[in-house]
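Biologist: I'm new to this one, so could you walk me through it? Let me see it before I start asking.

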Amino acid sequence: MKLLPRTARFALMATLDVALHARGRPVSSKQLAARHDLPPRRLETVLQALVRAGILKSVRGPAGGYALARERRRLSVGEIVRVALRAEEEEPDVAPPLLSAVLEPIIAEAEESALRQLDDVTLDDLHARAVTLGFGERADASGDFEI
């Protein structure tokens with residue numbers, strides 16, 4: 001069972017991708033989508049939600065794209081997931097009374113507990129794990145970074 005909806009997973013992946021690949025210049029949505037074999041439109045909504053929340057910043061122009069709005073260590077996974085969940089909630093959702101009265105409160109409690117745990121994980125933690133696993137930048141013997 002997957003607890004996080006696809007939108008939240010894409011928000012985390014996109015933010016981590018920007019952290020891994022920006023290196024002083026913005027990451028375009030086309031580059032990001034191509035790296036993950038996704039249509040650019042699929043990511044644009046979540047990228048804009050992340051910009052509105054102050055997680056990413058949008059850079060306009062021919063060399064434009066997205067960059068982190070804050071340091072990796074100041075961005076929690078829980079915060080990124082909450083932004084994605086709010087963006088998803090903007091769609092109207094009519095639930096049957098049994099679902100909304102009995103099941104949703106229990107599910108909401110479990111979700112909040114999971115989000116509190118994700119608040120303890122930073123984008124910097126994810127970045128370090130991704131680099132260790134060979135994604136993005138790696139330090140060579142001289143300490144310089146390479147792709």
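Biologist: Which helix does Ala-8 lie in?

Modeller: Keep in mind that this is a predicted model. The helix to look for covers residues 6-21, and Ala-8 is part of that run. That makes the answer helix α1.

Biologist: Is Ala-8 buried or exposed?

Modeller: Buried means under 20% relative accessible area. Ala-8 has a value of 0%, so the answer is buried.

Biologist: Leaving aside neighbours within four places in sequence, which residues is Ala-8 in contact with?

Modeller: Look far along the chain: Gly-78 is 70 residues away from Ala-8 in sequence, yet their C-alpha atoms are 9.9 Å apart. Gly-78 belongs to α4, which takes in residues 77-89. The contacts of Ala-8 that you're after are Val-81 and Ala-84.

Biologist: And which helices do the buried residues of α4 pack against?

Modeller: Among the buried residues of α4 are Val-77, Ile-80, Val-83 and Ala-87. Together, the buried ones pack against α1, α3, α5 and α6.

Biologist: How are α4 and α5 oriented to each other, and why?

Modeller: Their axes come within 7 Å and cross at roughly 140 degrees. Over 145 would count as roughly antiparallel, and 65 to 115 as roughly perpendicular. The crossing fits neither, so α4 and α5 are oblique.

Biologist: How do the residues of that contact divide into nonpolar, polar and charged?

Modeller: On the α4 side there are Val-77, Gly-78, Val-81, Arg-82 and Leu-85, while α5 brings Glu-112, Leu-115, Arg-116 and Leu-118. Sorted by type, they come out as 5 nonpolar, 1 polar and 3 charged.

How values were computed
Residues numbered from 1 in each chain as written. Predicted model: local features only at pLDDT ≥ 70, side-chain atom pairs only at ≥ 80, totals over all residues. Heavy atoms only, no water. Helix = DSSP H or I, 4+ residues; strand = E, 2+ residues; numbered from the N terminus. Buried < 20%, exposed > 50% of the residue type's maximum accessible area, 1.4 Å probe, protein only. Contact = heavy atoms within 4.5 Å. Expected span 1.5 Å × (residues − 1). Axes fitted to C-alpha atoms, helices over the stretch in contact; angles between N-to-C directions. Parallel < 35°, antiparallel > 145°, perpendicular 65-115°, else oblique. Nonpolar A, V, L, I, M, F, W, Y, C, P; charged D, E, K, R; others polar.
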